[in-house]
Amino acid sequence: MTECSRCGESEDVENGRIVGQFDHWDQAVCNRCRATELADHTPLVEEEAEVKAVRQLTERSLDTIADLLDLDESTVKMKLRVVEKRINNGQVTRETLLTQNIG
Ligand SMILES: [Zn+2]
């Protein structure tokens, strides 16, 4: 089982933790550590970062993500839309979201 390179925890979907990897990273990271990084280093607020982190780390569908984070699917959609809006407004770039805090 893959472990998060930050906190060392393994994936635990029941408790809302997934561990994933980006194509250009050789380290796996969990959605919680990733969300903290995004919230700390981008203008995203914590809830937006949480949703975005899971979205970045998994191919899972929106309702699965909602389940994982214990949110409504509509809330997940809304958060992702806010993140898109922030990207479109230039508050945060896709590049920043992807590359922030590597290594
Ligand atoms: Zn972690």
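Which exposed residues sit on the face of H4 turned away from its buried side? They are Ser74, Arg81, Glu84, Lys85 and Asn88. Keep in mind that you're looking at a predicted model. Let's start with the whole protein and then work back to that helix.

**The big picture**
- The protein has five helices and two strands, and if you walk along from the N terminus, the order is β-β-α-α-α-α-α.
- For 103 residues, a compact globule would have a radius of gyration near 13 Å, and the protein agrees with that because its own value is 13 Å.
- Its C-alpha trace spans about 40 × 30 × 20 Å along the principal axes.
- Buried residues make up 26% of the 103 residues.
- Look at the contacts with a separation of 6 or more: 44% of them are between residues 24 or more positions apart.

**The core**
- In soluble globular proteins, nonpolar side chains tend to be buried together.
- Here, the largest nonpolar core has 18 residues, and Leu38 and Val54 are the ones that touch the most other members.
- Strand S2 (29–30), helix H1 (31–41), H2, H3 and H4 each chip in at least two residues of this core.
- H2 gives the largest share of the core, with four residues.
- Leaving out residues up to four places away in sequence, Leu38 touches Leu44, Ala49, Lys52, Ala53, Leu97 and Gln100.

**Helix H4, one side in and one side out**
- H4 covers residues 73–88, which is 16 residues. From first C-alpha to last, H4 reaches 22 Å, close to the 22 Å expected at 1.5 Å a residue.
- Val76, Lys79 and Val83 are the buried residues to find in H4. They lie on the same side of H4, because they cover an arc of only 65° around the axis.
- An α-helix has 3.6 residues a turn, so residues three or four places apart point the same way.
- What do the buried residues of H4 pack against? Their partners are helix H2 (46–57) and helix H3 (62–69).
- Turn to the face away from that buried side and you'll meet exposed residues, including Arg81 and Lys85.

**Before and after H4**
- Asp70 is in the loop between H3 and H4. Its phi is near 60°, a positive value in a residue other than glycine.
- Is Asp70 buried or exposed? Asp70 counts as exposed because it has 8 other C-beta atoms within 10 Å, and the cut-off for exposed is 12 or fewer.
- Just after H4 comes Gly90, with a positive phi of about 80°.

Key: Residues are numbered from 1 along each chain as its sequence is written. This is a predicted model: local features need pLDDT of at least 70, side-chain atom pairs count only at pLDDT 80 or more; totals for chains, interfaces and linings use all residues. The expected span of a helix is 1.5 Å times one less than its number of residues. A residue is buried if 20 or more other C-beta atoms lie within 10 Å of its own, exposed if 12 or fewer, and partly exposed in between; C-beta atoms are placed from the backbone. The arc is that of the directions from the helix axis to the C-beta atoms. Two residues are in contact if their C-beta atoms, placed from the backbone, lie within 7 Å. The radius of gyration is taken over C-alpha atoms; the globule rule is 2.2 Å times the number of residues to the power 0.38. A nonpolar core is a set of buried Ala, Val, Leu, Ile, Met, Phe, Trp, Tyr and Cys residues joined through C-beta atoms within 7 Å.
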